[in-house]
Amino acid sequence: MSATVRRRVVLAVAAVVLVGIGALGGVLLTPRSEPGGHPVDIGFSQDMIVHHQQAVDMAELLRGRASPQISSIAAGIAANQRKEIGLFQGWLSLWNAPQVPTGHSHGDGAPMPGMVSIPDLHRLEDASGTDLDILFLQLMVRHHQGGARMADAAARTAHQQQVRDLAKVISADQQREIATMTGILASLGSVPLPAPQ
Amino acid sequence: MLAVVPLTGLPVSASAAGSGDSDVARAVCGPGSAPETGLQGQVPLADRRSGRSQQGGYHCNLDLLGQFQGQGQATIGASYGHCQYLGTVVTSTLLAKHRGVNVVDFSDPANPKLTASLASPAMLGGTWETLKVHQERGLLAAVSVGAGNGGIFFSVYDVKTDCARPRLLNSVAGTDLTLPMFIPGGHEGGWAPDGRTYWVTGVVGGTITAIDVVNPARPRVVYSGVVGLTHHGFGVSNDGNRIYVASIAPAGITVFDSSDIQRRALFPMLRQVSSLSWTDGLISQHVIPFTSGGRPHLVVEDEFASGGVRIVDIADERAPRIVRRLKLEINRPENVSARAADTASNGIFGYEAHYCSLDRPTDPTALACGWTQSGIRVFDVRDLNRPKEIAYFNPPGQAARRGQLANSAHVTSTLGSPVSDFVNGNFGTPPYVGIVDLTADWCMSPPRFDGNKLWVACDDNGALALRFANGAYPLS
């Protein structure tokens with residue numbers, strides 16, 4: 001690589017980074033608004049960030065390793081849930097509320113329905129081939145069942161209309177994805193895990 | 001180090017805020033010193049123009065024992081025993097002669113030698129603020145950060161056996177390769193005090209990850225989540241049950257309960273305990289927990305807006321309280337125009353605090369900081385309410401050596417103006433875009449206390465071994 005080309009690469013990389021982070025900085029530096037937000041809306045948003053992020057993480061764990069069909073489903077889930085995480089983060093920021101739940105640990109049980117344990121995430125990390133596809137679908141169906149249940153509750157009880165509306169969208173999306181993933185599991189000769197308690 | 005370009009206005013107030021005086025008495029420089037010629041922390045424009053700032057630099061009660069400049073250093077380096085490890089900038093993978101983390105053996109301090117270059121993927125990928133040693137376990141680790149917020153590879157090296165020849169512990173079949181790991185975003189990394197966990201934070205998206213390193217041959221992610229809009233470095237409490245995360249904007253910290261991760265819960269979560277923010281700074285860098293007289297405290301640096309260093313009392317962790325700020329004279333509001341003139345074309349970081357260290361975590365006596373263009377600054381902090389400077393070492397500018405500094409983050413900076421001070425109206429008139437002038441170095445790495453020595457690294461001067469003089473340290 002010539003010195004000129006190298007320098008152009010360096011400049012291009014630096015420009016992309018600086019502009020990207022700069023845009024973020026500009027957004028973050030806006031003045032803070034007055035506190036607000038109903039406890040139910042805040043709690044749902046905080047919990048859903050945690051729940052959604054795990055789905056994003058699981059989808060990312062598949063990157064480059066799962067079959068094209070499963071990778072496509074995972075990419076769709078990750079894109080959708082990242083967008084929704086952004087909405088929740090924006091609301092919490094407007095409400096001046098913490099981005100994560102407060103309070104104390106709830107022991108060793110799952111803090112929200114459908115959450116995947118660390119050992120199961122390690123199994124997903126270690127799996128390959130059809131085993132990887134099946135385990136992902138099983139864990140994600142159960143995760144979605146929990147997420148849809150949380151969203152159903154928020155669709156009924158959230159204080160703000162926008163929160164209730166998003167909760168309905170989440171529930172509908174996840175129910176649709178559960179149906180798709182369950183169908184693929186059947187085609188692979190497998191079945192979903194028991195639904196979360 | 002985080003670069004932010006002001007694209008959408010400058011709405012943050014830069015007015016002084018927070019309790020406590022921020023002034024710190026100047027060091028009394030003994031024989032053999034070459035004191036600063038301007039304000040405390042300043043490399044004056046006159047010295048930059050005359051060439052004075054490139055001839056020997058400025059030092060006070062700290063002498064140079066040895067130096068290995070090599071290809072320069074990127075942001076954060078690390079050290080263990082008599083060895084130093086120089087951080088990498090991702091572009092040096094293409095441009096450096098010795099690619100990867102350069103290992104420098106200072107067993108003969110006057111003649112330090114390059115003994116190895118660590119070329120596993122994490123070390124080649126730009127280490128930013130992740131290259132850290134756990135001193136008790138003798139483990140060196142880093143994450144590949146790439147252009148600023150990456151995280152695919154993680155490396156752990158044994159440096160206890162032979163610090164000059166680190167051994168990659170999580171390699172694939174004895175090669176320099178490591179398996180990719182799921183680290184969603186990485187910019188800053190560091191060890192929990194017990195050395196069982198290595199934490200990674202990303203600056204975009206508020207990501208945070210905990211890696212179990214109980215078995216360094218098989219590190220595993222035991223937590224990942226999103227806990228903020230965006231955050232920066234951190235510090236972990238001695239018992240591992242709290243992580244204190246620095247906030248980018250507004251400047252400040254958030255306290256999280258990390259006990260789930262510490263006890264390796266099956267379904268771990270971080271829960272927020274409290275937060276604290278301030279307006280006379282920006283982009284808080286990282287956090288150092290310590291106790292003084294039995295009361296828990298934090299050191300927090302800001303890398304933007306001349307925010308300097310803050311001491312925070314967390315005896316009531318639900319209501320953290322600033323007890324003291326430390327700023328150099330050049331950081332004071334009335335000196336913005338001097339800062340603007342001095343640093344107009346020497347890159348995005350001006351006279352900013354960046355990474356500090358304490359001489360001990362319990363009742364510390366001294367605090368040493370990499371203060372970017374102000375060099376290395378050392379403070380007596382025995383009385384937290386009345387800190388005073390006891391020594392400094394600001395190495396000379398390295399414009400003449402530009403060609404060999406392929407691994408200096410400073411040299412590879414493509415913006416000349418001091419973006420770090422933009423909220424104070426200091427970003428050049430007009431902003432300078434072009435080759436940085438290198439009239440002063442960037443010292444951004446945490447110094448390490450070692451008896452009467454101080455191990456430090458600066459971007460352009462590389463690895464340095466310093467020795468306190470004139471009885472400045474140790475302090476009784």
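Chain B of this predicted model has 476 residues, and a compact globule of that length would have a radius of gyration near 23 Å; the value for chain B is 20 Å, which agrees. Along the principal axes, the C-alpha trace of chain B spans about 60 × 50 × 50 Å. Its secondary structure comes to five helices and 29 strands.

Let us pick out one sheet from chain B. Strands β15, β16, β17 and β18 form an open sheet in that order, with antiparallel pairing. Its edges are β15 (231-236) and β18 (271-278) of chain B, each of which pairs on one side only. From one strand to the next, the twist averages 20°. At the β15 edge, four bridges join β15(B) to β16 (residues 242-247) of chain B, and these two strands run antiparallel. If you would like a spot to zoom in on, B:Val236 stands opposite B:Ile243 in β16(B).

Now over to chain A, where helix α4 (residues 118-126) takes part in two helix pairs: one with α5 (residues 129-157), the other with α2 (residues 39-61). Here they are side by side.

| Helix pair | Axes come within | Crossing angle |
|---|---|---|
| α4(A) and α5(A) | 9 Å | roughly 150° |
| α2(A) and α4(A) | 9 Å | roughly 25° |

How do these angles translate into directions? The axes of α4(A) and α5(A) cross at roughly 150°. Angles over 145 degrees count as roughly antiparallel, and that makes α4(A) roughly antiparallel to α5(A). The crossing in which α4(A) passes α5(A) is left-handed. On the α4(A) side, the residues in contact are A:Asp120, A:Arg123 and A:Leu124; they meet A:Leu132, A:Leu135, A:Phe136, A:Leu139 and A:Arg142 in α5(A). Sorted by class, this contact has five nonpolar and three charged residues, with no polar ones.

For the other pair, the axes of α2(A) and α4(A) cross at roughly 25°. Because angles under 35 degrees count as roughly parallel, α2(A) and α4(A) are roughly parallel to each other. Helix α2(A) brings A:Gln54, A:Met58 and A:Leu61 to the contact, while α4(A) brings A:Leu121, A:Leu124 and A:Glu125. By class, that gives four nonpolar residues, one polar and one charged.

One residue is worth a second look: A:Leu124 of α4(A) takes part in the contact with α5(A) and also in the contact with α2(A).

Notes: Residues are numbered from 1 along each chain as its sequence is written. Chains are lettered from A and ligands numbered from 1 in the order in which they are written. This is a predicted model: local features need pLDDT of at least 70, side-chain atom pairs count only at pLDDT 80 or more; totals for chains, interfaces and linings use all residues. Side-chain values use heavy atoms; hydrogens and water are left out. Axes are lines fitted to C-alpha atoms, for helices over the stretch in contact, and angles run from 0 to 180 degrees between N-to-C directions. Angles under 35 degrees count as roughly parallel, over 145 as roughly antiparallel, 65 to 115 as roughly perpendicular and the rest as oblique. A crossing is left-handed if the near helix is turned anticlockwise from the far one by less than a right angle, and right-handed if clockwise. Contact means heavy atoms within 4.5 Å. Ala, Val, Leu, Ile, Met, Phe, Trp, Tyr, Cys and Pro count as nonpolar, Asp, Glu, Lys and Arg as charged, and the others, Gly among them, as polar. Two strands pair if DSSP finds at least two bridges between them. The radius of gyration is taken over C-alpha atoms; the globule rule is 2.2 Å times the number of residues to the power 0.38.
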